[in-house]
Amino acid sequence: MTESNPSAWQRFWKRITDHADSNSSLAATEGTAAQLAPPAPSAPSADKPVTLSAARNEDEYRRECARHLYERYADRIFQGVMPPMLYAIGSLELYLDAQGRIEGLNWLREPSHAPEVVQQIEDMVYDAAPFPAAPRLAQTIYTDTWLWDESGRFQLHTLTEGQR
């Protein structure tokens with residue numbers, strides 16, 4: 001069965017299996033079990049240092065992660081008050097490991113009418129990883145709502161300047 005709009009988990013699985021396919025010669029020599037295993041997480045690269053979060057609770061952590069995305073995509077942030085009609089709104093939940101790397105994601109509210117926005121948001125999130133590592137929190141889950149303008153610029157609900 002082929003879906004025209006795959007779920008976030010299907011897209012995540014495709015990302016890790018595509019990465020595994022690029023190492024197919026290694027997997028072929030190690031047998032079937034190696035082919036089914038997802039690739040081992042890579043160490044953070046020198047150009048993407050892991051920052052340590054000072055967050056003591058989920059709200060503080062959400063603000064740190066939102067600032068992390070705003071710093072990474074400063075040119076894509078909608079400046080000022082958002083217009084009354086937005087092109088897309090989506091709520092995304094990220095599951096992060098202890099180093100701030102993405103283990104998975106889940107759309108709580110996916111803008112299904114705008115699959116190109118879904119793909120752009122996921123691409124930006126993956127490119128912005130690793131997120132701040134939060135050793136003080138028992139779970140590291142970052143959830144935010146993306147407010148998307150028709151211009152392709154956005155604000156995150158956590159740091160929004162409001163809407164007309």
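This section describes the fold, the sheet, selected buried residues and the salt bridges of a predicted model.

The secondary structure of the protein amounts to five helices and four strands, which follow one another along the sequence in the pattern α-α-α-α-β-β-α-β-β. Of the 164 residues, 39% count as buried. Among contacts between residues at least 6 apart in sequence, 72% join residues at least 24 apart.

The four strands form an open sheet in the order β2-β1-β3-β4, with antiparallel pairing. Strands β2 (102-109) and β4 (154-156) stand at the edges and have a single partner strand each, so that one side of each is left without a neighbour in the sheet. On average, and with direction ignored, neighbouring strands of this sheet are turned by 30 degrees against each other. Helix α4 (residues 58-72) packs on the sheet, where it touches β1, β3 (141-148) and β4, and the direction of the helix makes about 50 degrees with that of β3.

The pairing within the sheet can be followed strand by strand. Strand β1 (residues 88-96) is joined to β2 by six bridges, the two strands running antiparallel, and Leu94 has Leu105 of β2 as its bridge partner. Towards β3, eight bridges join β1 to its antiparallel neighbour, and here Ala88 is partnered by Trp148 of β3. Strands β3 and β4, likewise antiparallel, are joined by three bridges, with Gln155 of β4 as the bridge partner of Leu147. These two strands form a hairpin with five residues between them, and Gly152, which lies in the turn, has a positive phi of about 95 degrees. Strand β3 is mostly covered, since six of its eight residues are buried.

Within strand β1 lies Glu93, a charged residue whose surroundings deserve separate description. Glu93 is buried yet has no salt bridge, and the nearest side chain of opposite charge, that of Arg62, is 9.9 Å away. Because a salt bridge requires a side-chain nitrogen of Lys or Arg within 4 Å of a carboxyl oxygen of Asp or Glu, a separation of 9.9 Å between Glu93 and Arg62 does not qualify. The side chain of Glu93 is instead joined to that of Tyr95 by a polar contact of 2.5 Å. When its neighbours within four places in sequence are left aside, Glu93 is in contact with Gly104, Leu105, Asn106, Leu108, Ile141, Tyr142 and Thr143. Among these, Leu105 is also the bridge partner of Leu94.

The structure holds three salt bridges. In one of them Asp59 pairs with Arg62, the closest N and O atoms being 2.7 Å apart; both residues lie in helix α4, three residues apart, which is about one turn of the helix. Both partners are partly exposed, Asp59 at 40% relative accessibility and Arg62 with a relative accessible area of 27%. Arg62 is thus a partner in a salt bridge with Asp59, while also being the nearest side chain of opposite charge to the buried Glu93.

Another salt bridge links the side chains of Arg56 and Glu60, with an N to O distance of 2.7 Å. Here the two partners differ in their surroundings, for Arg56 is exposed, with a relative accessible area of 59%, whereas Glu60, at 17% relative accessibility, counts as buried. The side chains of Asp97 and Arg101 also meet in a salt bridge, at 3.0 Å from N to O, and in this pair Asp97 counts as buried because its relative accessibility of 11% is under 20%.

A further link between parts of the chain that are distant in sequence involves helix α5 (residues 115-128), in which Ala128 is found. Ala128 is buried, with a relative accessible area of 5%. Its C-alpha atom lies 6.5 Å from that of Arg72, although 56 residues separate Ala128 and Arg72 in sequence. Apart from its neighbours within four places in sequence, Ala128 is in contact with His68, Leu69, Arg72 and Tyr73. Of these contact partners, His68, Leu69 and Arg72 fall within the span of helix α4 (residues 58-72), the helix that packs on the sheet.

Notes
Residues numbered from 1 in each chain as written. Predicted model: local features only at pLDDT ≥ 70, side-chain atom pairs only at ≥ 80, totals over all residues. Heavy atoms only, no water. Pairing = 2+ DSSP bridges. Axes fitted to C-alpha atoms, helices over the stretch in contact; angles between N-to-C directions. Contact = heavy atoms within 4.5 Å. Buried < 20%, exposed > 50% of the residue type's maximum accessible area, 1.4 Å probe, protein only. Lys, Arg positive; Asp, Glu negative; His and termini not counted. Polar contact = N/O pair within 3.5 Å; in protein donor to acceptor, adjacent residues only side chain to side chain.
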